Amino acid sequence: MTSNSTPKSTAVKPQYHHFIPRFILRNYANLTAPAPAPNSVPRSRARRGGGRRGRGYHQQQQNTRDGMLKLLNLQTMELEEQPLSKAFGLRDMYRDFDRSNPDQHRIEQKLSALESKAGTILANAQKAFTSGKDSVQMLRGERDTLRKFLFIMMYRNKMFYGRYNHQSADDYKADDRVKMLAYMKEKGFEKPIDVWFANLEAILDLHMDAEQNWAMKIMEKAYPDDAAWFFKNMQMYFMTFCTPKDPKDEFLLTENVYGIFEGCSTDEGWTDHHLFAPVSSRLMIVLRSNILPSGFEDDSEESRKRMLADIVALYGPAHGKSMLEDLPVERATNNYSKIVNRKPVLLPTKIRRENHKFYFRFFGVDTSHVQKINIVMIEEAFNTSIMLYKEPEGFKRALEAYLLTDLPGFKRLADISNHGSLNYNPNSEEITIKKERVAYIKGLEKIARELGSTAKIQHCTFPRTMLPPEMRDSIRMHQRIEKLGGSEETLMKDLNQAYLVMRMASIIDIAIRRQSPEYQKEVRGLRRDFFCSLPLRTVWYFLKHSPMRKRGDGDISKGLAQGPEDVIVDSLQAFHLASAARIMYYASSVDNYRKHNPDFGLVGRAVELNQDGFVRISQQRQIVFDMSPGSIRDCGILLVELYAKECYSSISETLASIDFDPLTKAVLSEEQKVELATRRNVRCQFKTILTSILPQHKLEALETVVFDLVYPSEF
């Protein structure tokens, strides 16, 4: 007998895999039914047989069950609503396409099993929280399951999928490429994606036994670096629950939130102080590093403080400290110890480890801490697709906090590496990255306005890698850039201009090196005048990166972050802006020249009237007058100029009565004597003249620059 039936296809069907589980997304969802889809059929009509229920109707029913999500589409910078079932996922993300393996969706199934266990634990926490309890209880096994889930949430995300999703080892470009390729060869893996699948499976299959034998097992079964990372995540942080005190505040949810951290980082490595795992808009799990205060003390307290001090020393005080160090959280208490004088003491009653219970408090945190966490999420959401929120008011508050924050390291305008000076290609993709970041930050400002905010972008951070290493951790340097009018719109232009100025200076020096000294002096004078006419920011960048920069100990880099040009910027309010570049240029040039030529001039020596003595006198005259931009009467500081003009006029009339030392009388002209005496008089009154404009420490620094470098008052 023949059959007309067609055999069923055994092909594996594609699936939509969520990298953030539905049970978390539902906590952000709006469960109000949306408007009917255009091709849906009314319920009464369907019952009468008036038409079939179309796909739109069934999709609407699904959306009604799951809810709709309010989100910001970061690609279009538009506020949207999206069905929960279609958000935070990719098609076949965890599917093993190896045809020899009939269970291609096994990893997704194992993920679902872990999600089910973690979902139950978090549902209990959410229930305890919403019912007004101050804590939630967990058995050790439940805590370890939740901690495993939190690591998997970090490891399963789009970033790692992108890192490993290659069909050839040649396409793996991560920083551990050499080690990864050796591991693949040793274990027989052909594709990087197979390593990721194997690691996921090893962690998902791992039994988190109370005796902690799992620590050795995972090292045997997973890629060593990732296994060590899993161990660190489980053992080097303690878990806490945080909730906003202000009912109008909320925690956002971004695509990569489970894979980001608050901490310090450089090209060589990073230190993560806090990891984040949103449960809902009102409840956040924070994993806090063991080196930060935990509310209790133990035998490792001194070691903890020492490690924290080392981190601050490594990254600098501006970037080494955690901005959430004062987060008001504590370790969970338990049923096998008690706290005595802030130290845990074991109870005499022995309780089996599997029966250990932990009590996690819900710590209320103020707006500043809530928004610092949101700021981290918003900063790191650049180059992702969507950002989720619960209520428009809470989202507006988070965006305002981000736009207005002056915390160092945020609102970065570029991710630029592999150069610490201006020697880069201004036409490279780095400019594109910068423009995308600017567009991202401005897009957030636009959305904040749509939500009713009047906040505008402030305190953008210039990429630290664009400055010399010793400048990167200096908040003061970033403040100077802003004071000079620098912004995301001018940064690349200023750097490019400074680079071109450096090139021009070098080309001119090469072109005139065979010419007469007189010709060289004339050309360099014209070049100097041109440079001084450039925008102040460009001049400052040029002087900071000048190849002539040198410090007294011969090390070009030491002290680069603080030069006379910085003193001028710090005192800018005292200057005519049109004159500041000229004074800045002369101050830096003289400083550089004298550092390169420490024996030039008298330099405090007693003068002998011989050939060497006459040479040094001539050199000192060059320092005091020829290297100066002219008279102190034209110093660019209005109040000082007025006083200097009065002094000059008075001294000119009484010059004969002024008692100069014999050397000054013998070698200086009448005009030079008047100028020198004027400078000395002005210096005596300098701080008094400007006391209402500049604070004392800035006055002292400016006095040194003006009268030791630009207008020397001693001969």
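# Notebook: helix packing, sheets and two loop residues

**Entry 1, a helix pair.** I began with helix 21 (residues 577-596) and helix 26 (residues 696-710), whose axes come within 9 Å and cross at roughly 65 degrees. I noted the handedness of this crossing as left-handed. On the side of helix 21 I found the contact made by Ile583, Tyr586, Ala587, Val590, Asp591 and Arg594, and on the side of helix 26 by Val705, Asp708, Leu709 and Val710. Sorting the residues of this contact by character, I counted 7 nonpolar and 3 charged, with no polar ones. I keep in mind throughout that this is a predicted model.

**Entry 2, the whole protein.** I then stepped back to the totals, and listed 26 helices and 15 strands as the secondary structure of the protein. Of the 715 residues, 51% are buried. I also looked up how far apart in sequence the contacting residues are: among contacts with a separation of 6 or more, 73% are between residues 24 or more positions apart.

**Entry 3, strand 10.** How many residues of strand 10 are buried? I checked residues 283-289 and found that 7 of the 7 are buried. Taking the two faces in turn, I wrote down Leu283, Ile285, Leu287 and Ser289 for one side and Met284, Val286 and Arg288 for the other, and both faces are covered. Next I looked for the strands that pair with strand 10, and among them is strand 6 (residues 237-244), which pairs in the antiparallel sense over 6 bridges. Within that pairing I located Thr240 opposite Val286, a residue I had already listed as buried. Strand 9 (residues 270-280) also pairs with strand 10 in the antiparallel sense, over 6 bridges, and here Leu275 stands opposite Leu287. I followed the chain from strand 9 to strand 10 and found a hairpin that joins them through 2 residues.

**Entry 4, strand 14.** From strand 6 I moved on to strand 14 (residues 357-365), since strand 6 and strand 14 pair in the parallel sense over 4 bridges. In this pairing I found Pro244 standing opposite Val365. I then looked up strand 5 (residues 135-139), which pairs with strand 14 in the antiparallel sense over 5 bridges, and noted Phe360 as the bridge partner of Val136. Strand 11 (residues 333-334) runs antiparallel to strand 14 and is joined to it by 2 bridges, with Tyr359 as the bridge partner of Thr333.

**Entry 5, an open sheet.** I turned to an open sheet of 4 strands, in which the order is 3-2-15-7 and the pairing antiparallel. Which strands stand at the edges? They are strand 3 (78-83) and strand 7 (253-254), and because each has a single partner strand, one side of each is left without a neighbour in the sheet. Strand 2 (residues 68-73) pairs with strand 3 in the antiparallel sense over 6 bridges, and I picked out Pro83 in strand 3 as the bridge partner of Met68. I also found helix 14 packed on this sheet, where it touches strand 2, strand 3 and strand 15 (386-389), and where its direction makes about 125 degrees with that of strand 15.

**Entry 6, Thr405.** Following the chain past helix 14 (392-404), I came to Thr405, which lies in the loop between that helix and helix 15 (429-450). Is Thr405 buried or exposed? Its relative accessibility is 8%, so I entered Thr405 as buried, the cut-off for that word being under 20%. Leaving aside neighbours within four places in sequence, I listed Ile375, Phe410, Lys411, Gln458 and His459 as being in contact with Thr405. I noted as well that a polar atom of the side chain of Thr405 lies 3.1 Å from the backbone nitrogen of Leu407.

**Entry 7, Asp634.** My last residue was Asp634, which I found in the loop between helix 22 (611-626) and helix 23 (638-654). With a relative accessible area of 41%, Asp634 is partly exposed. Not counting residues up to four places away in sequence, I found Asp634 touching Arg582, Glu641 and Tyr711. I also looked up its separation from Lys645, which is 11 residues away in sequence, and read a distance of 9.0 Å from C-alpha to C-alpha.

Definitions and conventions
Residues numbered from 1 in each chain as written. Predicted model: local features only at pLDDT ≥ 70, side-chain atom pairs only at ≥ 80, totals over all residues. Heavy atoms only, no water. Buried < 20%, exposed > 50% of the residue type's maximum accessible area, 1.4 Å probe, protein only. Polar contact = N/O pair within 3.5 Å; in protein donor to acceptor, adjacent residues only side chain to side chain. Contact = heavy atoms within 4.5 Å. Pairing = 2+ DSSP bridges. Axes fitted to C-alpha atoms, helices over the stretch in contact; angles between N-to-C directions. Left-handed = near helix turned anticlockwise from the far one by under 90°. Nonpolar A, V, L, I, M, F, W, Y, C, P; charged D, E, K, R; others polar.
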